[in-house]
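Biologist: Please take a close look at a single helix and what packs around it. I would like one connected account rather than a list.

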Amino acid sequence: LEKNFMFDLINKLFIFHWDKIVADSEYTQKEIVDKYHLDKIKITKIYAGLDNKFQVKPKKQELIKQYNLENNKVLLFLGGLKYRKNIAFLIRLMALLKNNHLKLLICGSGDLRNKLESLSIRLGLADKVIFTGFVKEADKVDFYNLADIFLFPSIKEGFGMPAIEAAACGVPAIVS
């Protein structure tokens, strides 16, 4: 559950009047019960499915050229650039890895982009950490298929669909 004043206010005002609540994981169900002191019987878990578009495909040469990924191993993060996604950890990790043929592709948008870009520049990683910006749903499969490893170091995550999407594209995922 995101920390958002309006979202919390609306939930606090109305959640007790709802007949049923749907959660996408046991974790999210527990979080709702703990935060709003609801009986867990009021919450139904419906696990997310995966679109069959997520599959192994050849790497798109246009993207390899666009992001200068030729002859490199690609580490990929795809998601919102939010604090809880722990992306700064990935950038600091890149500073420790002494491999000249390794690139970190950070796909997503959010309030932290400027801070994350500044961190990568400050650590001397401007050529190793690439920010693509927002990736449209229709283009996600192409980005997953660019990756050699998908990284998802979230501090807190309800379900973590990107890790499952990456795995469906044949990309091993390292998650927390």
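Modeller: What follows deals with helix H4 and its surroundings in this predicted model.

Helix H4 spans residues 87-96, and its buried residues are Ile 87, Leu 90, Ile 91 and Met 94. They lie on the same side of H4, because they cover an arc of only 100 degrees around the axis. In general, an α-helix has 3.6 residues a turn, so residues three or four places apart point the same way. The cover over the buried residues of H4 includes strands E3 (73-78), E4 (102-107), E5 (129-133) and E6 (149-152), as well as helix H5 (113-122).

One contact partner of this side is Leu 104, which touches Leu 90, Ile 91 and Met 94, among others. Leu 104 also reaches Leu 75, Leu 76, Lys 128, Val 129, Ile 130 and Leu 151. The largest nonpolar core has 39 residues, and both Ile 91 and Leu 104 are among the six that touch the most other members. The others in that group are Leu 105, Ile 106, Phe 143 and Phe 150. A second core, separate from this one, has eight residues, including Ile 21, Ile 32, Leu 38 and Ile 43.

There is also a polar link beside the helix, in the loop between E3 and H4, where Lys 85 lies. Lys 85 forms a salt bridge with Glu 157, at 3.0 Å from N to O. Glu 157 lies in the loop between E6 and helix H7 (161-168), so the pair ties together parts that are 72 residues apart in sequence. Lys 85 counts as buried, at 7% relative accessibility, whereas Glu 157 is partly exposed at 22%.

Conventions
Residues numbered from 1 in each chain as written. Predicted model: local features only at pLDDT ≥ 70, side-chain atom pairs only at ≥ 80, totals over all residues. Heavy atoms only, no water. Buried < 20%, exposed > 50% of the residue type's maximum accessible area, 1.4 Å probe, protein only. Helix = DSSP H or I, 4+ residues; strand = E, 2+ residues; numbered from the N terminus. Arc of directions from axis to C-beta. Contact = heavy atoms within 4.5 Å. Core = buried A, V, L, I, M, F, W, Y, C linked by side-chain atoms within 4.5 Å. Salt bridge = Lys/Arg side-chain N within 4 Å of Asp/Glu carboxyl O.
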